[in-house]
Amino acid sequence: MLGTHPDRISKTTNPPRQKPNIEDYDLARADFSWQTANSKLFGDVADVCSSKYNITYNCVDRHAEDSRRDKTALLYAAEDGSTERFTYADLKKQTNKFANVLSGLGVNKNDRVFIFMPAIPERYIAFLGILKLGAVVGTMFAAFQEEALLDRLSDSEASVVVTNTELLPRIQNIQSKLPCLQKIIVVQRGSTELPVASNVVAYEAAMQDASDSFQTVAVKPEDFAYMLYTSGTTGKPKGVIHSHSDIVQAMATTSAVLDIQENDIYWCTADIGWVTGVVYGVLGIWGLGGTSVLYEGRFSPENWYRVLQDHKVTVWYSAPTAIRMLMGSGVDTASYDFSHLRHLCSVGEPSNPEAIWWGLEVFGLPFHDTWWQTELGGICISNLPALDIKPGSMGKPLPGIEAAILDPAGNVLAPGQQGSLALRASTVQSLMKTIWHNQGKYDSYFIGDWYISGDSAYCDADGYFWFVGRNDDVINTAGERIGPFEVESALVEHPNVVEAAVIGKPDAVRGEIIKAFVVLKDGVKTSDELKKELQQFVKSHLSGHSYPREIDFIDHLPKTRSGKIMRRVLKAKELGLPTGDTSTLENY
Ligand code: WTA
């Protein structure tokens, strides 16, 4: 028992509201083969280059060419309550046009084109148009500031960025440091005139002139499709590369886990700058020919409840921090009509049992936790509609996926034993293809055929996996993965800072918050104003959301004799835990 709640939500007493796509987990697991899943989608296309493998063909063209042509693919809901609908036929036309625009600018297969836009429909048209051309699409959060942008655009050697008028200055301020950047395509959406510059292309004008027919570029399943920068403990963010064949796992899991069926109205709250926004905001839902809601506006409980109600959302994929914020807001839910909702899922951070029980109370439905990572390209461990939920557990490995808990030598541990969460690499079809320009980093993820996730976990006797924590210093704040190094690098650029170390500090709403320990230059006085200034400094240089919510000034940082910052010592002190072996530390 957990508090006053039982430790299991039975699907016999809480059955799914609609017959789920997978009714029997064991049977589905026994029956599953990636070969069958691939031939179901690609038919008998031999393993040669074909437009059939292109993600955009699978997400758009084949639906536009059949009975789904007039079905709503994208329902855009702006904060002011206005809406725009795009059918599959519209998406086909628009993505053809955008592919022609890029082609006219000289973009070729494998070139990197990045998207830096708020949640507006054009970013989906751009995303799919880039893929249609066989170029590699990268996405970035609209909250990113110049340092974060520069790291990603220079490492990827992107030749084009697609942005909007509001965000354009951030790209223009760094363009002199980006020798590979040829063009900036700017969406105006009725805003004021564009600055005249030879490398700036007006999106609307270019789209108007472009032809709406385009031959989707043939690709091989393993050809690069999208890239996302993600953080580890050390160094700058790394470019994780995914391929066109990811579509198969995206669709299989959107069907198995999110349980998307023909008449669903689906809302994935994740931003496209995050892997969830790519795989479950684009690939999976449109691969299955579904209808997806895109909400552009601020988070507020009232706004979100209105989206659920007004658009009659049936399947909702969200994140624990958002759920905790809704829960903690105290906004009365009784006046909203959530009767269309039938299935709820969450991702990105540990899902606390209270949030699951709250969902059951308010929506009459439990949240189904799902686990995966940027590198994996699709959900690997999850709770399923027809499987009992053990609140707090991530669920079971999906059909086709083999997961295990390993000791440091790579041996599989018995149920109940805590260790390193690993996946049999050959069983994850959407596993990354490489790390951009960093094969060594890619290789470091594997022990034999095991992909090592960096999470520690255990598996119970019933085969349910339970998250314990990270094995490294990566911070997970509000579901977002933040590398301490990036924040530290931003802090030390402030003229008053000598050095800085950053940790994740447990937080009831955000899972963790970023806490910084800062060593100031001799003679600089500590003050609350300086703390605020440093916070603002990180916000304006790196990103609006990855700034330290807490700052402590200290005299020196704990370091190994070779100069490596020992963040775990700071974290242990912060949490009042034993600091462990400090004999290798200098100065501490
Ligand atoms: C964490 C997000 C607990 C985990 C799709 C993982 C989770 C990292 C869960 C990946 C979950 C993700 N329960 N922790 N259900 N889902 N995580 O790459 O530490 O942004 O390694 O991918 O988030 O974060 P990423």
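Start with the surface of the whole protein: about 23000 Å² is exposed, and carbon and sulfur atoms supply 49% of it. Those areas come from the Shrake-Rupley method with a 1.4 Å probe, and for residues only the protein chains shown count as cover. You're looking at a predicted model, where local features need pLDDT of at least 70, side-chain atom pairs count only at pLDDT 80 or more, and totals for chains, interfaces and linings use all residues. Residues are numbered from 1 along each chain as its sequence is written, and side-chain values use heavy atoms, with hydrogens and water left out.

**Zoomed out**

Keep everything selected for a moment. Along the principal axes, the C-alpha atoms fill a box of roughly 70 × 65 × 55 Å. The radius of gyration is 24 Å, which agrees with the value near 25 Å that a compact globule of 588 residues would have. That radius is taken over C-alpha atoms, and the globule rule is 2.2 Å times the number of residues to the power 0.38.

Switch to cartoon and you should find 17 helices and 29 strands. These are DSSP runs numbered from the N terminus: H or I with at least four residues for helices, E with at least two for strands. Colour by burial next: 59% of the 588 residues are buried. Here buried means under 20% relative accessible area, exposed means over 50%, and partly exposed is in between (1.4 Å probe, protein chains only). Contacts, meaning heavy atoms within 4.5 Å, reach well along the chain: among those between residues at least 6 apart in sequence, 69% join residues at least 24 apart.

**Into the core**

Now select F98, F127, L153, W286 and Y317. Of the 153 residues in the largest nonpolar core, these touch the most other members. A nonpolar core is a set of buried Ala, Val, Leu, Ile, Met, Phe, Trp, Tyr and Cys residues joined through side-chain atoms within 4.5 Å. Helix 10 (residues 275-287) gives the most to this core, with eight residues. Domain 1 (49-72 + 85-225) and domain 2 (477-575) both contribute residues, so the core lies between them; the domain bounds come from an automatic or database domain assignment.

Centre on F127. Beyond its neighbours within four places in sequence, F127 is in contact with I115, V137, T139, Y226, I272, V278, V282 and L283. Apart from this core lies another one, of 27 residues, with L75, Y336, F363 and F367 among them.

**Along helix 10**

Select helix 10 on its own: 13 of its 13 residues are buried. Which helix holds T276? T276 lies in helix 10, and its 2% relative accessibility makes T276 count as buried. Leave out the neighbours within four places in sequence, and T276 is in contact with C268, A270, G281, Y317, V347 and W372. Step just past the end of helix 10 to find G289, which takes a positive phi of about 75°.

**Charged pairs**

Time to show the charged side chains. The whole structure has 34 salt bridges, each being a side-chain nitrogen of Lys or Arg within 4 Å of a carboxyl oxygen of Asp or Glu.

- Begin with E23 and K19, whose closest N and O atoms are 3.2 Å apart. E23 counts as exposed at 52% relative accessibility, and K19 counts as exposed at 59%.
- Go on to K92 and E65, a salt bridge with its closest N and O atoms 3.2 Å apart. K92 sits in helix 4 (residues 88-104) and E65 in the loop between helix 3 (55-64) and strand 1 (72-78), 27 residues apart. At 25% relative accessibility, K92 counts as partly exposed.
- Then pick E157 and R112, which meet at 4.0 Å, N to O. E157 lies in the loop between helix 6 (146-156) and strand 5 (160-164) and R112 in strand 3 (residues 112-116), so the pair ties together parts 45 residues apart in sequence. E157 is partly exposed at 35%, whereas R112 is buried at 13%.
- Finish with R8, D388, K390, D460 and D462, joined into one network by salt bridges that share partners.

**Last stop: I554**

Find I554 in the loop between strand 27 (550-553) and strand 28 (559-560). I554 is partly exposed, with a relative accessible area of 22%. Leaving aside its neighbours within four places in sequence, I554 is in contact with F517, V518, V519 and L570. Draw a distance from I554 to A516: their C-alpha atoms are separated by 10.0 Å, with the two residues 38 apart along the chain.
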